[in-house]
Amino acid sequence: MNTIDPAALRRCLGSFVTGVTVVTAIDRQGGLQGMTANSFTSVSLDPPLIVWSLRTSSSSFEAYRGAKRFVVNILAQDQVHVSNLFARPGEGRFDAIAWSGGLGGVPLIEGCAAHLECCLEATYPGGDHVLFLGRVENIVTNDRKPLAFGLGKYMVVQPHDHQVDLSGSVAELGAVHAARGVLDEVFRKTDLTVGLGVWGNMGPTMIWFNESSRPLDLKLRCGMVMPLLGSATGKVFAAFGRQAEMAPRIEAELQQAWRVGHESGLRDEAEHMLAQVRATRVAAVRDSLLNGVFERRVHAVSVPVFDARGAIVLALTMMSHDDGFGQDHPAVDVLKSAGRELSGQLGFAG
């Protein structure tokens, strides 16, 4: 039999995204107990049974083993602070949150997505853990989105848009929902800062970012309007957007460039650059420096996302300070693949 490395097993199990709970109880001395747990699952509807597990070496193990009742508090997406609070032992944790007493006085943490109030049905050994089987005696469900955890980080729950309604403005909204998951995957594979751009009322607009573990010297904010010719995001919209709409905006940027002393040949350069973007479906900028946004020069690459009509609806953008980053960087292949995948989800057959 192969020996399973515990660290590798933990990483593998991290691929299974779970909800986040805080299990509360009252110990034999009347003290309040609470700990963060994602080892929780349903067992049976009739009778109503659930189970969670606790490591036998935990400092709270004896307290929970002696408790006759417990509550599974399913945390809402804005309760990361509650999860962190009960992820480590300490005094006065219940003083730091709002709660009320449920059946038997066991704490119900306020603001949760749901509560399951249980009596202890049985315990079962499970290696270095013990499984606590609970009979559900009362449930409380609130209209709140739950908090999730997977791949070593907290997550928010969004619906998966397999079939996007391609009618009117709903198509673009569906595209944004679908893009969030795709962008998360690009970030996970590359650990580079990635952003999501749309065509807004003022032009190319960044609406979402996943920031690298090596943060850039950028003032990233949602709602940033990017130049058409001076940013990778802008270039893909300039190349693939409706030309009747793009042409006057491009002309305005060229006129501004001439006013600050650029040569008139810039028009030919712009036309050549946009032709290359159309041919490769990739736009790039090097040493970009936007006042009030980039504290330091940045390199960026963008790819377009098309809908079933063949119209550009989104731009996926990747950024780095690394001088080795550009269109030929291996991470850009991940970005291009994501653009093609998302376009396919939206019905684009090109």
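1. Start with the largest pocket: in this predicted model, about 1,400 Å³ of space lies in it. It has 36 lining residues, and those closest to its centre are Arg10, Asn38, Ser39, Arg55 and His129, so those five are handy places to point your viewer.2. Who lines that pocket? Elements giving two or more residues are α1 (6–13), β3 (32–37), β5 (49–55), α3 (80–86) and β11 (147–150). The top contributor is α1, with 5 residues. By class, the lining comes out at 15 nonpolar, 15 polar and 6 charged residues.

3. Now for the enclosed spaces. The count is 2 cavities of 30 Å³ or more. The second largest has a volume of about 40 Å³, and its lining is made up of Trp52, Tyr64, Ala67, Arg69, Phe70, Leu120 and Phe132. That lining splits into 6 nonpolar residues, no polar ones and 1 charged.

4. Next, the largest nonpolar core, which has 26 residues. Val305, Leu314, Leu316, Met318, Leu335 and Leu342 touch the most other members. At least two core residues come from each of α4 (168–190), β13 (193–200), β17 (298–306), β18 (312–320) and α8 (330–345). With 7 residues, α4 supplies the largest share.

5. Leu314 is a good residue to click on. Setting aside neighbours within four places in sequence, Leu314 is in contact with Ala175, Val176, Ala179, Leu196, Gly197, Val198, Phe237, Val303, Pro304, Val305 and Leu342.

6. There is another core too, lying apart from the largest one and made of 20 residues. Among them are Phe70, Ala113, Ala114 and Leu116. You have met Phe70 already: it also lines the second largest cavity.

Notes: Residues are numbered from 1 along each chain as its sequence is written. This is a predicted model: local features need pLDDT of at least 70, side-chain atom pairs count only at pLDDT 80 or more; totals for chains, interfaces and linings use all residues. Side-chain values use heavy atoms; hydrogens and water are left out. A nonpolar core is a set of buried Ala, Val, Leu, Ile, Met, Phe, Trp, Tyr and Cys residues joined through side-chain atoms within 4.5 Å. Buried means under 20% relative accessible area, exposed over 50%, partly exposed in between (1.4 Å probe, protein chains only). Helices (H or I, at least four residues) and strands (E, at least two) are DSSP runs, numbered from the N terminus. Contact means heavy atoms within 4.5 Å. On a 1 Å grid over the protein atoms alone, a cavity is a set of points where a 1.4 Å probe fits but cannot get out, and a pocket is an open set with protein on both sides within 12 Å along at least five of seven lines; lining residues have an atom within 4 Å of a point. Grid points are joined across faces, edges and corners, and a volume is the space filled by probe spheres set on the points. Ala, Val, Leu, Ile, Met, Phe, Trp, Tyr, Cys and Pro count as nonpolar, Asp, Glu, Lys and Arg as charged, and the others, Gly among them, as polar.
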